[in-house]
Amino acid sequence: MTDSRPMDVPIIRLGDVLVTGLINELDDKAATAFAEELTERIAAERAKGVLIDISRLEIIDSFVARTLTELSTMARLLGARVIVAGMRPPVAITLAELGLQLAGVETALNAEQGMVALGWRHAPRPPEGGNRRETLG
Amino acid sequence: MLPGPRKGGIDVKLSGERTTAAPTVPPATAGSDAPRGGDTPVTHPVRNDEDLITVRHAVRAATVEVGFGLVDQTRVVTAASELARNAYIHGGGGTVTIEFPRQAGRRGIRLIVHDDGPGIPDVEVALTDGFTTGAGLGHGLGGARRLMHEFEVRTEAGKGTTIRATRWTTQ
């Protein structure tokens, strides 16, 4: 956590969507590095959508807000749609009071709804009579 | 093991007993403000964005200790993050002192953020939303003021800036 190198934030590709998430311990340098890496990945993998889960972020201050706003703009310029998902209610209240609207940043209540907005659906039910594995979800 | 600072965010016990390592306290300045409550104030350096994370942890722990709810915790930690960032970006580094004032049966958190930077030429302008000279969105100072109940800026050209920001519990 105190390494000077920014910690790696995993970016996973699901079809044409990149899925990633911000963590609480991200410092400013790491946030900037993350934005750059994500932008490069969008271009390299021709992503059409990006889901950024922020459900673990305990605060969003003006720096993180700026990072998210710029990231959304950069992604849009590269032809990808960004959805920021899972903002905690106290964070939303605080952001509004700070006067930060995250203009131009598309949001979703949680990662699942964000994925749906990006065109992902629940897996279809297995065919009747077919052998299915009973797993949750 | 020394009750060491850094490494994974410090766990500062902010009740009456002696607190763990206020990490390398540059004394003077902030220390001259006398503690108000029975709780010992703790001073943290802010010189870079790793310190900023340490400060956030400490302020979060302090708000929990004082009994703030989740929304108030978030307000105070966010304000601390804005002010501490200002101190190292514009002020070239400084300190954040956490105090535990009491007033009329209420408890509170007071953040005293000091830097020895160039000072803020026009505080009123700096408090305006959209004003920025740096990497933020220009909501830092004015936004932090809205998140706190009391907010006082003392600044002088060449002599740095001290901001005192207090939030009280609701009862």
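The legends below describe close-up views of a predicted model with chains A and B.

**View 1. Overall make-up of chain A.**
Chain A contains 4 helices and 5 strands. Their order along the sequence is β-β-α-β-α-β-α-β-α. Of the 137 residues in chain A, 34% are buried. When contacts in chain A between residues at least 6 apart in sequence are considered, 78% join residues at least 24 apart.

**View 2. Overall make-up of chain B.**
Chain B has 5 helices and 6 strands. From the N terminus on, these elements follow the order α-β-α-α-β-β-β-α-α-β-β. Buried residues account for 49% of the 171 residues of chain B. Among the contacts in chain B with a separation of 6 or more, 60% are between residues 24 or more positions apart.

**View 3. Strand 2 of chain B and its two faces.**
Strand 2 of chain B covers residues 94-99, and 6 of its 6 residues are buried. In a regular strand the side chains alternate between the two faces of the sheet. In strand 2 of chain B, B:G94, B:V96 and B:I98 point one way. B:T95, B:T97 and B:E99 point the other way, and the residues of both sets are buried.

**View 4. The neighbours of strand 2 in chain B.**
Strand 1 of chain B (residues 42-46) runs antiparallel to strand 2 of chain B and is joined to it by 5 bridges. In this pairing, B:H44 stands opposite B:V96. Strand 2 of chain B also pairs with strand 4 of chain B, here through 6 bridges and again in the antiparallel sense. B:T95 has B:H114 in strand 4 of chain B as its bridge partner.

**View 5. Strand 6 of chain B and its pairing with strand 4.**
Strand 6 of chain B, residues 160-168, is mostly covered, with 7 of its 9 residues buried. Strand 4 of chain B (residues 106-115) is joined to strand 6 of chain B by 8 bridges, and the two strands run antiparallel. One of the positions to look for is B:G108, which stands opposite B:W168.

**View 6. The hairpin of strands 5 and 6 in chain B.**
Strand 5 of chain B (residues 150-156) and strand 6 of chain B are antiparallel and pair over 7 bridges. Within this pairing, B:V153 has B:I163 as its bridge partner. The two strands form a hairpin with 3 residues between them. In the turn, B:G158 has a positive phi of about 80°.

**View 7. Two loop residues with positive phi.**
Most residues other than glycine have a negative phi. A:R46 is not a glycine, yet its phi is positive, near 50°. A:R46 sits in the loop between helix 1 (28-44) and strand 3 (49-53) of chain A. With 11 other C-beta atoms within 10 Å, A:R46 is exposed. In chain B, B:A104 likewise has a positive phi, about 50°, although it is not a glycine. The loop that holds B:A104 lies between strand 3 (102-103) and strand 4 of chain B. B:A104 is exposed, with 6 other C-beta atoms within 10 Å.

**View 8. Helix 3 packed against helix 5 in chain B.**
Helix 3 (residues 70-89) and helix 5 (residues 140-147) of chain B pack with their axes 9 Å apart and at an angle of about 150°. Because of this angle, helix 3 of chain B is roughly antiparallel to helix 5 of chain B. The crossing of these two helices is left-handed. Helix 3 of chain B contributes B:R75, B:T78, B:A79, B:E82, B:L83, B:R85 and B:N86 to the contact, and helix 5 of chain B contributes B:G140, B:L141, B:G143, B:A144 and B:L147. By class, the residues of this contact are 5 nonpolar, 4 polar and 3 charged.

**View 9. Helix 3 of chain A against helix 3 of chain B.**
Helix 3 of chain A (residues 89-98) and helix 3 of chain B pack at an angle of about 50°, and their axes are 9 Å apart. These two helices are therefore oblique to each other. Their crossing is right-handed. The contact is made by A:P90, A:V91, A:I93, A:T94 and A:L98 from chain A, together with B:L70, B:V71, B:T74, B:R75 and B:T78 from chain B. The residues of this contact divide into 6 nonpolar, 3 polar and 1 charged.

Key
Residues numbered from 1 in each chain as written. Chains lettered and ligands numbered in written order. Predicted model: local features only at pLDDT ≥ 70, side-chain atom pairs only at ≥ 80, totals over all residues. Buried ≥ 20, exposed ≤ 12 C-beta atoms within 10 Å, placed from the backbone. Contact = placed C-beta atoms within 7 Å. Pairing = 2+ DSSP bridges. Axes fitted to C-alpha atoms, helices over the stretch in contact; angles between N-to-C directions. Parallel < 35°, antiparallel > 145°, perpendicular 65-115°, else oblique. Left-handed = near helix turned anticlockwise from the far one by under 90°. Nonpolar A, V, L, I, M, F, W, Y, C, P; charged D, E, K, R; others polar.
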